[in-house]
Amino acid sequence: MQKQTKPLWIRHASQLVTLAGSSHQPRTGKQMEQLAIIEDGSVWLEDGRIRHVGTDREVAEACRGRLQEAEIIDASGKLVTPGLVDPHTHLVFAGSRENEFALRLKGATYMEIMRQGGGIHATTSATRRADRETLYAESKRRLDQFLLHGVTMVEAKSGYGLSLESELKQLEVAARLHQTHPVDLVSTFMGAHAAPPEYKDDPDRFVDYVIDVMIPEVARRKLAEFNDVFCERGVFTPEQSRRILEAGLRHGLLPKIHADEIEPYGGAELAAEIGAVSADHLLRASDEGIAMLAEAGVIAVLLPGTAFFLMAEAANGRKLIDAGVPVALSTDCNPGSSPTVSLPLIMNLGCLKMGMTPAEVLVAATINAAHAIRRGHEIGSIEVNKRADLVIFDVPNYMQLQYHYGVNHADTVIKSGVKVVEGGRLL
Ligand code: NIG
Ligand code: FE
């Protein structure tokens, strides 16, 4: 990433969506509609940080005497938002599974394909075989595409290695991407994505291996901040999931969980009991589970692209928000159930398939998403001293972002105060 020597001054945004006011905790209920919009908005960025935010007049006044120093970006007629944040991806993997997609279109189910050795197992074979360079190159390509859609930070899970060696390989590739790519990454260890074929007959022994071998080593090498498990009938039971998440906690890895994706299975309840940072999917979460999430303040990371792609009914975003659960949105980018990098499309599905409003989906993909990866103090809103991650969309207001769908409206992306996308192209 090149160095930005001059301050950057974004001027005259028709709407500057700041989302100010919830850096300490995620937005819930009615707060999810509060965007803190400034018209004729202006932002002054310097040394990678946001220095001044206000109307164009206010910022010009605050920076009086220095106006000549800045490089100006004219955002007239455009929308400026915080950089989008994707809090749930399986970014680092090799290969693709369009063959399974074709099978599903003919009626095969996701779980059937997995039981027959496809699904996560197919990607695990490909990822185990891939060398680090290939894995890096394939993942970098996806990360570039995320950036072109306005995403400036992603969470990335392991879980296609399912052996210590291959899980470390995935996590090391994620760490290298974080070092070398403009998009920031935060890693989640997901050794408990599925029991690999060599443990097929004794999944409990695999759980022991995750707990006794993989988690301690991943934590020792500081390769992940979070620990995730696929809690689903036929994958890991709630009891096994609890053991894995508690083991992570003992090693400083914060719990996340793939919960109630295919059937109601007590995942939401477990997330609340264990104090997970987020419970993700929740298509089939029980009413009791939803109430418990609200009570415990667990963030629901909803993935309507996955429901769309699996031809299932999406999670009830409306119900979760009305129940007081803080909601975030994510692509779930992965080669099986959601091969997309378009967080704006996911936001659109949030409106059309989950009963969320255009304001709520924007909150869910920025400040609440930042909280879902414990970065709410650092990113997710346009506030003084936060990291200068912003997107300029070529639409005049935030509603058009959802309304005019299927188009990538991201025009300019600024990462840590540096322009990295301009005119819809990577710089
Ligand atoms: O979030 N549910 C489990 N894991 C992924 C899918 C992984 C895959 O199919 O490769 C998900 O949907
Ligand atoms: Fe996932």
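In this predicted model, the lining of the largest cavity is made up, by class, of four nonpolar, seven polar and three charged residues. Ligand 1 sits in this largest cavity, and the points below describe first the enclosed spaces, then the ligand, and then the open pockets.

**The cavities**

- Rolling a probe the size of a water molecule over the atoms shows where empty space is left.
- The count comes to three cavities of 30 Å³ or more, and the largest cavity has a volume of about 100 Å³.
- The largest cavity is lined by 14 residues, and those closest to its centre are H90, Y110, H193, N334 and S337.
- The second largest cavity has a volume of about 50 Å³, and its lining is formed by I50, P82, G83, V85, T152, I379, G380, S381, R387 and D389.
- When the lining residues of the second largest cavity are sorted by class, four are nonpolar, four are polar and two are charged.

**Ligand 1 and its surroundings**

- Ligand 1 is surrounded by 15 residues, of which Y110, Y160, H193, E261 and S337 are the closest.
- The shell around ligand 1 consists of four nonpolar, eight polar and three charged residues.
- Oxygen atoms of ligand 1 take part in several short distances to side chains: a polar side-chain atom of Y160 lies 2.6 Å from an oxygen atom of the ligand, an N or O atom in the side chain of R97 is 2.8 Å from an oxygen atom of the ligand, and for an N or O atom in the side chain of H258 the distance to a ligand oxygen atom is 3.0 Å.
- On its own, ligand 1 has 330 Å² of accessible area, and the protein covers 100% of that area.

**The pockets**

- The largest pocket has a volume of about 350 Å³, and of the 15 residues that line this pocket, M114, H121, A195, K200 and G234 are the closest to its centre.
- Helix α3, which spans residues 110–115, supplies three residues to the lining of the largest pocket, and this is the largest share.
- By class, the lining of the largest pocket divides into eight nonpolar, four polar and three charged residues.
- The second largest pocket holds about 270 Å³ of space, and its lining has 14 residues, with T109, Y110, I262, L310 and A312 the closest to its centre.
- In the lining of the second largest pocket, eight residues are nonpolar, two are polar and four are charged.

Methods. Residues are numbered from 1 along each chain as its sequence is written. Chains are lettered from A and ligands numbered from 1 in the order in which they are written. This is a predicted model: local features need pLDDT of at least 70, side-chain atom pairs count only at pLDDT 80 or more; totals for chains, interfaces and linings use all residues. Side-chain values use heavy atoms; hydrogens and water are left out. A residue is near a molecule or strand if one of its heavy atoms lies within 4 Å of it. A polar contact is a pair of N or O atoms within 3.5 Å; within protein, one must be able to donate a hydrogen and the other to accept it, and residues adjacent in sequence count only if both atoms are side-chain atoms. Accessible areas come from the Shrake-Rupley method with a 1.4 Å probe; for residues, only the protein chains shown count as cover. On a 1 Å grid over the protein atoms alone, a cavity is a set of points where a 1.4 Å probe fits but cannot get out, and a pocket is an open set with protein on both sides within 12 Å along at least five of seven lines; lining residues have an atom within 4 Å of a point. A molecule sits in a cavity or pocket if more than half of its atoms lie within 2 Å of its grid points. Ala, Val, Leu, Ile, Met, Phe, Trp, Tyr, Cys and Pro count as nonpolar, Asp, Glu, Lys and Arg as charged, and the others, Gly among them, as polar. Grid points are joined across faces, edges and corners, and a volume is the space filled by probe spheres set on the points. Helices (H or I, at least four residues) and strands (E, at least two) are DSSP runs, numbered from the N terminus.
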